[in-house]
Amino acid sequence: QLVRNAYSQRLGVAESTTSRAGLWASTNASASNHLNHGDEFGCPSDHNQNSPSTDYDTNSYRTGRNSTLRNLHSIRNKSNRNVSCNDRGLSTQPLQSNESDADKSQLLEENSLQEIIRTRRSIATFISHHEQGKETLEHIKLSTIRACECAMSAPNHKRTEPLKFKRMIAPSDSTRKLAEIAFEVANETKGVEVARAKRLKWLNIPAFLVVLVKGPIQHVHCDEGVDMFKPFPVIMPRTERQLEDYASSCAAVQNSMLSLHSEGIGSKWATGPIIRTPAFRHLVGVEDDEIVTALLMVGVPSKIPKEPRRRYKLNEILEDI
């Protein structure tokens with residue numbers, strides 16, 4: 001929320017914390033109507049070139065989170081899963097550190113940005129879209145839009161704005177094809193049983209976000225005779241600009257995951273061989289001069305991992321010089 005507010009202030013539509021309760025009482029109607037009259041990411045089709053810096057009605061588009069956040073816990077109860085009220089990542093448990101209780105209460109208030117960052121987890125399993133109602137799926141869809149908005153506010157040297165997002169909402173031809181790609185890649189290295197389990201798992205994921213960034217040229221051909229499921233070698237940024245743009249895209253991925261987490265939506269940052277296959281690049285529409293930074297799996301968590309045990313303590317990695 002703090003990330004979104006900071007960005008909205010730049011657009012001149014900052015939300016007052018004193019009026020936040022009133023915002024939560026709004027409905028999804030405005031946001032849904034906005035989506036129905038624009039493209040798939042909520043941008044109006046009759047874009048005016050002389051409009052302000054934002055190319056859509058940000059106030060109208062933001063109202064999508066108002067009632068969905070307010071009703072999130074009741075939505076989850078409908079799935080008949082044991083998901084606690086702290087699954088939004090807004091736990092009030094204090095950090096284990098040498099700070100005094102007064103410092104902790106000041107720095108780690110409920111819903112604080114630090115608390116959202118600290119409690120985010122990579123989610124491995126999601127409640128299937130088959131087990132959720134339309135309201136939950138609509139919340140997931142709108143939350144991915146707001147996640148992309150937050151991603152756009154990531155640091156970006158020279159303001160090259162190198163990012164591009166591709167979204168897949170299940171069930172769709174795109175998500176089914178993606179699950180088949182996952183099957184084929186796993187079948188080559190891990191066998192058919194593992195591949196079948198992976199295909200089923202991916203078919204049940206409610207949504208995917210693909211984050212692309214400008215990078216070195218990669219000529220990936222999909223001609224006849226080409227093995228569409230054989231991953232090509234990893235190609236990293238080669239110039240200073242490409243490295244800076246790639247770093248910006250990684251910050252954007254983190255922003256988007258934190259935005260999703262703040263709305264009770266889990267995510268997992270996937271890389272690996274699947275995103276390096278010609279089949280995946282063809283499905284997503286990746287250009288020759290683009291790198292796939294992340295394939296984000298998105299949905300309501302069915303299980304939230306506990307805080308991992310850290311290998312190093314803070315005083316082992318932080319040094320005053």
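The following exercises, with worked solutions, concern a predicted model.

**Exercise 1. Determine which peptide bond preceding Pro171 is cis or trans, and place Pro171 in the fold.**

Step 1. The bond to examine runs from Ala170 to Pro171.
Step 2. Its omega lies near -5°, and the bond is cis.
Step 3. Strand S1 covers residues 163–169 and helix H10 covers 173–190; Pro171 belongs to the loop between them.

**Exercise 2. For Arg159 and Glu161, establish the sign of phi, the location and the exposure class.**

Step 1. Arg159 is not a glycine, yet its phi is positive, at about 50°.
Step 2. Glu161, likewise a residue other than glycine, has a positive phi near 45°.
Step 3. Arg159 is found in the loop between helix H9 (134–151) and S1. Glu161 is also found in the loop between H9 and S1.
Step 4. The exposure class follows from the relative accessible area, with exposed meaning over 50%. Arg159 has a value of 70%, so it is exposed. Glu161 reaches 61% and therefore counts as exposed.

**Exercise 3. Explain why strand S2 (residues 207–214) is described as largely enclosed, and identify the strands with which it pairs.**

Step 1. A residue is buried when its relative accessible area is under 20%.
Step 2. In S2, 7 of the 8 residues are buried, so the strand is largely enclosed by the rest of the structure.
Step 3. S2 is joined to S1 by 7 bridges, and these two strands run antiparallel. Within this pairing, Lys164 has Leu212 of S2 as its bridge partner.
Step 4. S2 also pairs with S4, over 8 bridges and again in the antiparallel sense. Here Val213 stands opposite Ile291 in S4.
Step 5. In sum, S2 has antiparallel pairings with S1 and with S4.

**Exercise 4. Locate Pro308, classify its exposure, and compare its separation from Arg121 in sequence and in space.**

Step 1. Pro308 is found in the loop that lies between strand S4 (290–299) and helix H14 (314–317).
Step 2. The partly exposed class lies between the buried limit of 20% and the exposed limit of 50%. Pro308 has a relative accessibility of 42%, so it counts as partly exposed.
Step 3. Along the sequence, Pro308 and Arg121 are 187 residues apart. In space, the C-alpha to C-alpha distance between Pro308 and Arg121 is 9.1 Å.

Technical notes:
Residues numbered from 1 in each chain as written. Predicted model: local features only at pLDDT ≥ 70, side-chain atom pairs only at ≥ 80, totals over all residues. Heavy atoms only, no water. Helix = DSSP H or I, 4+ residues; strand = E, 2+ residues; numbered from the N terminus. Buried < 20%, exposed > 50% of the residue type's maximum accessible area, 1.4 Å probe, protein only. Pairing = 2+ DSSP bridges.
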